[in-house]
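Student: Please take me closely through one part of this structure, and set it against the rest of the chain as you go. I would like each term given with its cut-offs.

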Amino acid sequence: MLLTGKTYNKICLFCRKEFEAQKRTTKYCSHQCNSRAYKVRKRDEKDVEVNFEEFVKRELQYQRELMSQIQVTLSELIESQKFSSKDFITPTEYCNHYGISRKTLSRYIKDNKVIVHKLSNRKFLIKKTSYYDSKNVLP
Ligand SMILES: [Zn+2]
């Protein structure tokens with residue numbers, strides 16, 4: 001076969017052997033290397049797609065969790081705002097206000113000595129002025 005024009009010394013991108021190409025853009029030494037490289041590329045693309053899908057799924061899940069956390073926090077905040085204006089305070093504030101321990105407060109709650117407003121399963125407020133003690137009644 002008569003070669004017209006010049007040839008290019010290239011290195012096959014698949015098998016790394018040197019070969020003479022008739023086109024500057026030729027990447028592979030043979031049809032075999034070309035199709036093998038194509039298969040590898042396709043497989044890699046598929047892997048990337050799967051990973052991306054998982055990444056997006058994880059990301060969406062994370063966003064959803066974040067949103068629900070924000071909603072819970074927000075509703076707790078709104079509730080506490082609503083009740084703080086009506087003289088409801090947090091357990092910590094209550095303890096500090098009357099100089100009592102959390103243990104004492106727990107006893108008050110158990111004995112229904114204070115008025116408790118539940119915000120959620122974990123959080124609650126106590127009416128600031130609700131206090132009963134056999135010895136003294138605080139304002
Ligand atoms: Zn090759």
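Tutor: A residue is called buried when its relative accessible area is under 20%, exposed when that area is over 50%, and partly exposed in between, with a 1.4 Å probe and protein chains only. This is a predicted model, in which local features need pLDDT of at least 70 and side-chain atom pairs count only at pLDDT 80 or more, while totals for chains, interfaces and linings use all residues. Residues are numbered from 1 along each chain as its sequence is written, and side-chain values use heavy atoms, with hydrogens and water left out.

The setting comes before the part itself. Helices (H or I, at least four residues) and strands (E, at least two) are DSSP runs numbered from the N terminus, and the chain has three helices and five strands, in the order β-β-α-β-α-α-β-β from the N terminus on. Of the 139 residues in the chain, 19% are buried.

The part to look at closely is helix 2, which spans residues 91-98 and has Pro91, Tyr94, Cys95 and Tyr98 buried. Viewed down the axis of helix 2, these buried residues fall within an arc of 95 degrees, so they line one face of the helix; the arc is that of the directions from the helix axis to the C-beta atoms. In general, an α-helix has 3.6 residues a turn, so residues three or four places apart point the same way. Taking a contact to mean heavy atoms within 4.5 Å, the buried residues of helix 2 pack against strand 3 (88-89), helix 3 (102-110) and strand 5 (124-127). Just after helix 2, Gly99 takes a positive phi of about 65 degrees.

Strand 5 also marks one end of a loop that carries a salt bridge, defined as a side-chain nitrogen of Lys or Arg within 4 Å of a carboxyl oxygen of Asp or Glu. The structure holds two salt bridges, and in one of them the closest N and O atoms of Lys123 and Glu76 are 3.1 Å apart. Lys123 lies in the loop between strand 4 (116-118) and strand 5, whereas Glu76 is in helix 1, so the pair ties together parts that are 47 residues apart in sequence. Lys123 is partly exposed at 38% relative accessibility, whereas Glu76 is buried at 9%. The other pair is Lys42 and Glu45, with 3.3 Å from N to O; being three residues apart in helix 1 (residues 31-84), they are separated by about one helical turn.

At the N-terminal end of the element order, strand 1 (residues 8-11) and strand 2 run antiparallel and are joined by four bridges, where pairing requires at least two bridges found by DSSP. Within this pairing, Ile11 stands opposite Glu18. Strand 2 (residues 18-21) has a covered face of Phe19 and Ala21 and an uncovered one of Glu18 and Glu20; in a regular strand the side chains alternate between the two faces of the sheet. Six residues lie between the strands of this hairpin, in which Arg16 takes a positive phi near 65 degrees.

The cysteines deserve a last word: Cys15 is partly exposed with a relative accessible area of 29%, Cys33 is buried at 5%, and Cys95 is among the buried residues of helix 2. With a disulfide taken as a pair of cysteine sulfur atoms within 2.5 Å, the count of disulfides is zero.
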